[in-house]
Amino acid sequence: MKFNPQQAPLYGDSVLTVFLSEEDKLEDDVVFYLLFAGSNLKHLASTKKIDSLTLKTIAPGHDCFETVKVSLCASKKNIPVFVVAEETFQFVQDEASDAAQFLASSAGNQQALIFTRFLDNSRPASGDASILDGKITLAFRHLRLPEEWNVLGTDKSINEDVPRETLMHFAVRLDLLGLAWFLLQHPGGRESLSVHNNEGATPVSLALERGFQKLYQLLTETGAKSKFGLTLLKRMLATGPTQALVNKVPFLVANN
């Protein structure tokens, strides 16, 4: 058994092709699963059969950067589940993981947040922005944020009326719908919507000014509700590169 690619970012969500040897050739009445076994977590992923020697699946998210053991398990009626083949697989750091870690550590850090404004002049095209948004949002979801983490930072001495940049301003400038939704679910997220920067812009006014209608809808009082925001996020992810496979391959995760 061989994988292509042989690694995935920590947040997973990448399509994996599994190539089998002749002795592992697939039978029509057998269902195959992949068990990813790490040092702390295990993930069970279902597969889609492409042909007798090829499977596809989606890499699960993991909890740390490491090499894990992957077992190809087979299930057949009236026969106990058995292991067909084993291989190793790596969960690695990528640019989205680096970006998420930098942004999370920059909450409330004005020097770092002002620096991110330079990215405004090189904002990616709409399609690229959606891909970037999906990756950074997934990377954020897999970060181990401290319990005291706050979108506005942890410095309680800063007056609410002091103009400043926030992570929400960053998300709005790049039209990162998923990241904005993620921030809204965390302490300081909703409060950040009314924070003015040095130009007097709030994240809400910035979204309206730039014509980001979905983002503006998400950030307004009605749109900020969690259920509505999740619907918008699902619509965004529906255009992602793995969505066609997601629709055909049910994904199972079991954590131990």
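Let me start with burial: of the 256 residues in this protein, buried ones make up 42%, and I should say at once that what we are looking at is a predicted model. The protein exposes about 13600 Å², of which carbon and sulfur atoms supply 52%. As for the secondary structure, there are nine helices and nine strands, and if we take the contacts between residues at least 6 apart in sequence, 68% of them join residues at least 24 apart.

Now to the interior. In soluble globular proteins, nonpolar side chains tend to be buried together. Here the largest nonpolar core has 36 residues, and the members that touch the most other members are Phe140, Trp149, Leu167, Leu179, Leu183, Leu215 and Leu219. Several helices each supply at least two residues of this core, namely α1 (95-105), α3 (126-141), α4 (167-173), α5 (177-184), α6 (203-209) and α7 (213-219), and the largest share, seven residues, comes from α5. Apart from this core lies another one, of 21 residues, with Val18, Val30, Phe36 and Leu72 among them.

Let me stay with α5 for a moment. Why do I call this helix largely enclosed by the rest of the structure? Because eight of the eight residues of α5 are buried, and going along the helix these are Leu177, Gly178, Leu179, Ala180, Trp181, Phe182, Leu183 and Leu184. If we set aside residues up to four places away in sequence, Leu183 touches Trp149, Val151, Leu167, Met168, Ala171 and Gly189.

Turning to the strands, I would like to show one pairing, in which β4 (residues 31-37) and β5 (residues 42-46) run antiparallel and are joined by five bridges. These two strands form a hairpin, with four residues between them, and within the pairing leucine 35 has leucine 44 of β5 as its bridge partner.

My last stop is a single side chain outside the regular elements, phenylalanine 65, which is found in the loop between β7 (54-58) and β8 (66-76). Its relative accessibility is 36%, and phenylalanine 65 therefore counts as partly exposed, given that buried would require a value under 20% and exposed one over 50%. Leaving aside neighbours within four places in sequence, phenylalanine 65 is in contact with Leu10, Phe91, Val92, Gln93 and Gln101. Of these partners, let me pick out phenylalanine 91, which is 26 residues away from phenylalanine 65 in sequence, while the C-alpha to C-alpha separation in space is 5.1 Å.

Methods. Residues numbered from 1 in each chain as written. Predicted model: local features only at pLDDT ≥ 70, side-chain atom pairs only at ≥ 80, totals over all residues. Heavy atoms only, no water. Buried < 20%, exposed > 50% of the residue type's maximum accessible area, 1.4 Å probe, protein only. Contact = heavy atoms within 4.5 Å. Areas by Shrake-Rupley, 256 points an atom, 1.4 Å probe, with all protein chains shown as cover. Core = buried A, V, L, I, M, F, W, Y, C linked by side-chain atoms within 4.5 Å. Pairing = 2+ DSSP bridges.
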